Amino acid sequence: MGLLDMLKRRKVEGTEDLDNTMYLTLREERRISRENRKIMKQYEREKNRKNVPEEEYLTQMRDPSNVVEFDNLHTYFFTDLGTVKSVNGVTFDIPQGKIVGVVGESGCGKSVTSLSLMQLVQAPQGQIVEGSIRYQDINGKCYEITKMPRDKMLEIRGKEISMIFQEPMTSLNPVFKIGEQMDEVVLLHTKGATSESAKARSIEMLNLVGIADVEKVYNSYPHELSGGMRQRVMIAMALSCDPRLIIADEPTTALDVTIQAQILELLRDVKDKINGSIMLITHDLGVIAEMADYVVVMYAGRIIEQGTVREIFHNPKHPYTIGLMKSKPSGDTKDNRLYSIRGQVPNPINMPDYCYFCNRCDYAMNVCWKEYPDIVEFSESHSAACHLYYGEGLEEQKKRRVEVENNGN
Amino acid sequence: MWKYFLRRIALSLLILLGVSALIYLLSMLMPADYIDNQTAAALQSGAMTMEDVQRLKELYGLADKSFTGIIKSYMAWLTSTMKGDLGYSFLYGKPVTAVLSDYIWISFAIAFISYLLQIIIGIPMGIKASVNQYSAYDYTVSVFAMMGTALPSFFLSALFMNVFAIRLGILPLQGLTTATKIFAKDAHLQIFFDKAWHLVMPISVLTLLSVGGTMRFTRTNMLEVLGSDYIRTARAKGLSEPVVVYKHAFRNTMIPLVTSLSGMLPGLFGGAMITETVFAIPGIGYMALRATQQGDIPFIMGYNMFLSILTVAGMLISDIMYMVVDPRVKLS
Ligand SMILES: Nc1ncnc2c1ncn2[C@@H]1O[C@H](COP(=O)(O)OP(=O)(O)OP(=O)(O)O)[C@@H](O)[C@H]1O
Ligand code: SF4
Ligand SMILES: [Mg+2]
C-alpha cells in the first residue's frame, strides 16, 4: 500500500476498543462496496426466482424426529466496512415437541440465526452464503429453506413457523386494531376462512393466552394495552395457525418480573397444547433452566457448546460456558442475566483463525492461538469446541496436571 | 378537544395581531412610499411641486411617518379591519377584498393542479425509491429531486421558457390568453383550452419544484417505517411484500404525509409570486408583488393578513388530520 493510501486511512467506527482496530482507505471502502453490490445482486436474483420446481428445494432430514436442522449455517452481512460474519458455521437441531434454548452474549448471532430460518435476514446486505436449514412439515415433507424461493417461503412464515419478538411495545402495528392484525394471519393462511371465522379464531386465541376482556382487547389499538398484554397478543397471533415451531426471541426481556413468569408459563402451556417446538432465545440462564430441554451456547457467530439442560448446567465443558455458570447467581434472585466476562469479543469483520475465546480464556494454551478447535463429543447430545479435550491441548492439560501434582508433593 | 382548538385559535389571533403590527411598521418605513413612486416623474419634470406631493400624501394617510403617527394610522387600519373593511388598494383602485377575490382563483387553480401532480407523482416515486434503496432508481430519483429542490424557480421558469417557448415553440411564452387570437364571446370551451394551454408551463415548473420534496419526504418516512419492528412482524406473518409495503408500511407513512400535505392546502390560495410574475400570469402572487413594489400599503396589509390566516388555517387542518389518521393522537 502506498504512503498516500496510509494517510487516507480512516478509522472504522466502533472498533476502537478492540485489539484489532481496523483502518480503511476511501478507495478500499469503495472497492468493498462495489464488490458487495455484485454479490448481493446475485443472491437476490436467486431468491426472487418464480416457479422454481419443487425438487430443487426438497431434501431429507438427518433425523426425522427433528422439526428443524441447522447445518453449518453461514449468514453474512455485506457492509461497507467489510463482511460481517454474524453466523459462522452453526449446526444444531430442534426436535419435535422440545424447547431449545439459545444463549450467548449480545451480538453473538442468535437473532440472525433465527431470522435466517425465516428468510427474514435484512436483505440485501444479509445473505445466507453457505450451509443449509432443513425444515420438516407436518406431512413429513422436508424443505431446504436456504434454497426456497421467496413466494414459497410465505406459506411457511406465520403458518408453520411463527415468531415472537422482544419488544411487544413496537412489534404490533400502531395504526391497526388488535383484531384486524390477528384476523389477517388467519385469513392469510386458512383456506376458506371468512371474516367471521377469522374473528372467532382470534377470539379463541386471545382466550387461550389468558386475556380476560377479550372483546375489548380485540377492538383496541396496541397503544391502549400494557406491555404484558401486548406480548400475550403477540403469542396469540403466533399461535393462531397452529405452528410447528415458535421462535421466541427474548420474549420476556422487556417485561417486568411477575409478567415474565406468567408469559413463560403461558408459552410452555401452549407448546404442549399444540405439540409444537420452541426455539427460545434469551440472555437469561434462569429462563433456560426453567424452560429448555436442550441448550445451545453461541459465541461470536459459532456454537461453542451444546447439550441437554442437565449436561450444560451440571457439567459445562467449554471455559466460556463454565464462566457463564459461575457468574450465574444461584438461588432465586430473579436477575439471572448473563454476567460479563472480562475482555472483548473479536471484531466480527476480521475473525481470527484460532479460537475466538483466546483473549478471554483462563485456560488458553499455545495450540489455542494456532487453530480453531474441533468439536469434541462428550455424549450423544453434548459437545463443545475446545482444545482442552483432545489432541495437543489435552496432552498439555495432562502434563500440567502432573506438574501440579508433583508440586503438591 | 374543542378546548384545544379554541386555545389554538385564540393564540393564532394574537400572532396575527403581532404580525400585522410588524408588517405595518415595516411597510410604512419603506424609503419610497406609494406617492413617491407615483409622482417621481411628474416631480422631476416640474409638473408637480413638493406641496402637491405633500398634499397627496396627506390624502393617502402617508404624511406622518413619526412613530406616533404610524401607531395612529395602524390603529385606524386595525379598527376598520376588525369591521371587515380592508380598505382601498392604492394601486388597483378597488377594495382590497375585491382584488383578492378576483385574482386568487387563477392562482389556486395553478397551485392546486401542481399540488395534485406533486402527490400523484411524488408519493409513488418515494415509495418505490425506499423499497429499492440504493438501487439505480433510488439514486436517479434522489438526484433529480435534489435538482428540483435546489433550482430557483425563476431559473427553472426561464429555462423552460427558453426551451419550450423560444427554441421549440411548442408552448406559449407568457400570459394567460393568446393576445393575437380573437374568440367569440360564447366560445367558452376554446377560451378555456387557450388558458389551460398557457398554464402548462407554470404548472410544470411548480410541480417540478415541489415534487422532489414530497418524494424525499415519502422516501425518508417510508425507510424509517420499513425498518421498524412491526414491519418485521408483518413479514413474519407471511404477508406478501406488496401487502407489507402498501398496507402495513404505507399506512404509517401516511401519518406524516397527510399531516404535512393537508397543512399545505390553504396556502394554495396564496399564489406563487415569482413563477406567476415570470410567466406574467395575473394571479394573486403577481398582483401582490406589484403592489409591494409600489408601496400599496392597504393591499400589502390585506394580502399579508390573508397569507397569515391561510397559514394558521393550515396548521389547524394539519392538527385535525393528524388526529384523524393516527389513532394514538388525542389532542389536549
Ligand atoms: N442489518 C445488519 N447489518 C449489519 N450487521 C448486522 C445486521 N443485523 C445484525 N448484524 C450483526 O450481526 C451480529 C449478530 O447480531 P444478532 O442480532 O444476531 O445478535 P444477538 O445475538 O441476537 O444479540 P442480542 O442479544 O443483542 O439480540 C452483530 O454483530 C450485528 O452487528
Ligand atoms: S480452545 Fe483454548 S482458548 Fe479456546 S476456549 Fe478452549 S481452552 Fe480456551
Ligand atoms: Mg437479538
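**Figure 1. The exposed and buried faces of helix H6 of chain B in a predicted model.** On the face of H6(B) turned away from its buried side, look for the exposed residues B:Ala136, B:Thr140 and B:Ala150. The buried residues of this helix are B:Asp138, B:Val141, B:Ser142, B:Ala145 and B:Gly148. Viewed down the axis of H6(B), these buried residues fall within an arc of 130°, so they line one face of the helix. The general pattern is a familiar one: an α-helix has 3.6 residues a turn, so residues three or four places apart point the same way. What do the buried residues of H6(B) pack against? Their partners are helix H5 (96–131) and helix H8 (188–226) of chain B. As a quick check on the geometry, the 15 residues of H6(B), residues 136–150, should span 21 Å at 1.5 Å a residue, and the end C-alpha atoms are indeed 21 Å apart, which agrees.

**Figure 2. B:Gly122 and its surroundings in helix H5 of chain B.** Is B:Gly122 buried or exposed? With a relative accessible area of 0%, B:Gly122 is buried, because the limit for that class is under 20%. Leaving out residues up to four places away in sequence, B:Gly122 touches B:Leu117, B:Val211, B:Thr214, B:Met215 and B:Thr218. For another distance to check in this view, take B:Thr207: its C-alpha atom is separated from that of B:Gly122 by 9.5 Å, although the two residues are 85 residues apart along the chain.

**Figure 3. The interface of chain B and chain A.** Together the two chains bury about 2000 Å², and 63% of that area is on carbon and sulfur atoms. How many residues does the contact take from each chain? Chain B gives 18 residues and chain A gives 27 residues. On the polar side, 11 residue pairs are in polar contact across the interface, both residues being at pLDDT 80 or more. Helix H9 (229–236) and helix H10 (241–264) of chain B each supply at least two residues of the side of chain B that touches chain A. Three salt bridges are also found across this interface.

**Figure 4. B:Lys247 in salt bridges between the chains.** B:Lys247 forms a salt bridge with A:Glu180, with the closest N and O atoms 3.7 Å apart. This pair crosses between chains, from B:Lys247 in helix H10 of chain B to A:Glu180 in helix H5 (residues 178–189) of chain A. B:Lys247 also forms a salt bridge with A:Glu184, and here the closest N and O atoms are 2.9 Å apart. How exposed are the residues of the first pair? B:Lys247 counts as partly exposed at 28% relative accessibility, and A:Glu180 is partly exposed too, with a relative accessible area of 37%. Widen the view a little to find the network of salt bridges that links A:Glu180, A:Glu184, B:Lys237 and B:Lys247.

**Figure 5. Two salt bridges within chain A.** A search of the whole structure finds 25 salt bridges over all chains, and here are two of them to explore. The side chains of A:Arg150 and A:Glu44 meet in a salt bridge at 2.9 Å, N to O. This pair links distant parts of the chain, with A:Arg150 in helix H4 (residues 150–156) of chain A and A:Glu44 in helix H2 (residues 26–47) of chain A, 106 residues apart. A:Arg150 is partly exposed, with a relative accessible area of 27%, whereas A:Glu44 is buried at 14%. The second pair is A:Glu204 and A:Arg201, whose side chains meet in a salt bridge at 3.4 Å, N to O. Being three residues apart in helix H6 (residues 195–208) of chain A, A:Glu204 and A:Arg201 are separated by about one helical turn. In this pair A:Glu204 is partly exposed at a relative accessible area of 44%, and A:Arg201 is buried at 17%.

**Figure 6. A:Asn36 in helix H2 of chain A.** A:Asn36 is buried, with a relative accessible area of 4%. Which backbone oxygen does the side chain of A:Asn36 reach? That of A:Phe78, at 3.4 Å. Leaving aside neighbours within four places in sequence, A:Asn36 is in contact with A:Phe78, A:Thr79 and A:Asp80.

Methods: Residues are numbered from 1 along each chain as its sequence is written. Chains are lettered from A and ligands numbered from 1 in the order in which they are written. This is a predicted model: local features need pLDDT of at least 70, side-chain atom pairs count only at pLDDT 80 or more; totals for chains, interfaces and linings use all residues. Side-chain values use heavy atoms; hydrogens and water are left out. Helices (H or I, at least four residues) and strands (E, at least two) are DSSP runs, numbered from the N terminus. The expected span of a helix is 1.5 Å times one less than its number of residues. Buried means under 20% relative accessible area, exposed over 50%, partly exposed in between (1.4 Å probe, protein chains only). The arc is that of the directions from the helix axis to the C-beta atoms. Contact means heavy atoms within 4.5 Å. Buried area is the accessible area (1.4 Å probe) that two parts lose on being put together, summed over both. A salt bridge is a side-chain nitrogen of Lys or Arg within 4 Å of a carboxyl oxygen of Asp or Glu. A polar contact is a pair of N or O atoms within 3.5 Å; within protein, one must be able to donate a hydrogen and the other to accept it, and residues adjacent in sequence count only if both atoms are side-chain atoms.
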